Amino acid sequence: MNASLSDAAVLSSPSDRSFASDNYAGAHPEVLDAVVAASTGHAPAYGDDGWTARLSEVLRGHFGPDAEAFPVFNGTGANVLALQAALPRWGAVICAQTAHINVDENGAPERVGGVKLLTVPTENGKITPELIDREAWGWGDPHRAQPLAVSITQTTEYGTCYSVDEIRAITSHAHDRGMIVHMDGSRISNAAAHLGLPLAAFTTDAGVDLLSLGGTKNGLIGAEAVVTLRPGVAPGFEYIRKMNMQLGSKMRFLSAQLLALYDGDLWLRSATQANAMATRLRAGVDALEPLGARAFQATEANGVFATLPAGVADRVRTEAGFHFYDWPGVTNAVRLMCAFDTTEAAVDALLAELGAASRAASNA
């Protein structure tokens, strides 16, 4: 083997320099141990294994006795399949303009799922009953895709978190109009850590009908799940999952990862660490405000959104080797994401570089 390819350090970026995405983080050691433990002997394929059966029990403990879980490979697959199974071909989904299903899934909900997205503008990533009503109309009109679902992201793409009351207001409003509510929960653990609540409190108990349950952004290798929260909400899901190439033959390895996360408190421990590091980072960014840095969204999970003086972001990336993304639509804005393995030392090192570059910019 080529020596350079055998050296993991050559293939990866230093973890203390990456604030680009929680997807950049490696797998949690407890997850890797679970995968190794699952790789013993033979087990029935396509979900007829003990790990998948146990996962269903565990997730019913989190979401209630009617919950049914379907492991899939990725978040886009979870979102597309959930909406496709829940809606007829003429159905439409109301969501925020910033929603992942609208911005970051390359049209998959519409092209693969066959569902029309009806988007509404938001200031903080959160939709409201009033915003829903901008697109909740035209039922019975054959010229218009029928608004039959609302999709919310918890936490949002801006790192903001819906409260229980906000979710209840949305679900009540949607249900009164004959619409179901889907939650994109790619960072649902971060929301629970911020709210200090069990998962059911702001999903099942708040009226959410079906859920895309996150895992990859919280330390898994590549495993998510669709969880139906009430009977009959996604008829035929088992067929649609196979049809859309999301039925794992060796599903025990997906289920083992999800079990490592949710059969215990790893999901909460990991999210709490990520959130805490974002809180520390936000405090440091706020301290740089006299030098021109300014956070422009509430920090309620594991992301910090900030504007920086011109040139600072590029300097910190190129000269100090930190990784983070610019945020589109806002001048000189960046998104700084923390993960389960982000450390205080890494946060402080980034803040030191941001401070030095900001001071240099102000003196230029």
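In what order do the seven strands of the open sheet with mixed pairing follow one another? I should say at the outset that what we are looking at is a predicted model, and that in this model the order reads β1-β7-β6-β5-β4-β2-β3. At the edges of that sheet stand β1, residues 68–72, and β3, residues 116–120, each of which pairs on one side only. Averaged over the sheet and with direction ignored, neighbouring strands are turned by 25° against each other.

Within this sheet, let me pick out strand β4, residues 146–153, which pairs with strand β5, residues 180–185, in the parallel sense over five bridges, and where Ile152 stands opposite Met183 in β5.

There is also an open sheet of four strands, in the order β8-β9-β11-β10, and here the pairing is antiparallel. Its edge strands are β8, at 294–295, and β10, at 325–326, each pairing on one side only. Two bridges join β10 to the antiparallel strand β11, residues 333–337, and Tyr325 stands opposite Arg335 in β11. Lying across β8, β9 and β11 we find helix α13, residues 266–287, which runs at about 15° to β9, itself spanning 303–307.

Arg335 brings me to the last topic, the largest pocket, whose volume is about 390 Å³. It is lined by 20 residues, and those closest to its centre are His100, Asp104, Glu157, Trp327 and, again, Arg335. As for the character of the lining, nine of its residues are polar, six are charged and five are nonpolar.

Methods
Residues are numbered from 1 along each chain as its sequence is written. This is a predicted model: local features need pLDDT of at least 70, side-chain atom pairs count only at pLDDT 80 or more; totals for chains, interfaces and linings use all residues. Side-chain values use heavy atoms; hydrogens and water are left out. On a 1 Å grid over the protein atoms alone, a cavity is a set of points where a 1.4 Å probe fits but cannot get out, and a pocket is an open set with protein on both sides within 12 Å along at least five of seven lines; lining residues have an atom within 4 Å of a point. Grid points are joined across faces, edges and corners, and a volume is the space filled by probe spheres set on the points. Ala, Val, Leu, Ile, Met, Phe, Trp, Tyr, Cys and Pro count as nonpolar, Asp, Glu, Lys and Arg as charged, and the others, Gly among them, as polar. Two strands pair if DSSP finds at least two bridges between them. Contact means heavy atoms within 4.5 Å. Axes are lines fitted to C-alpha atoms, for helices over the stretch in contact, and angles run from 0 to 180 degrees between N-to-C directions.
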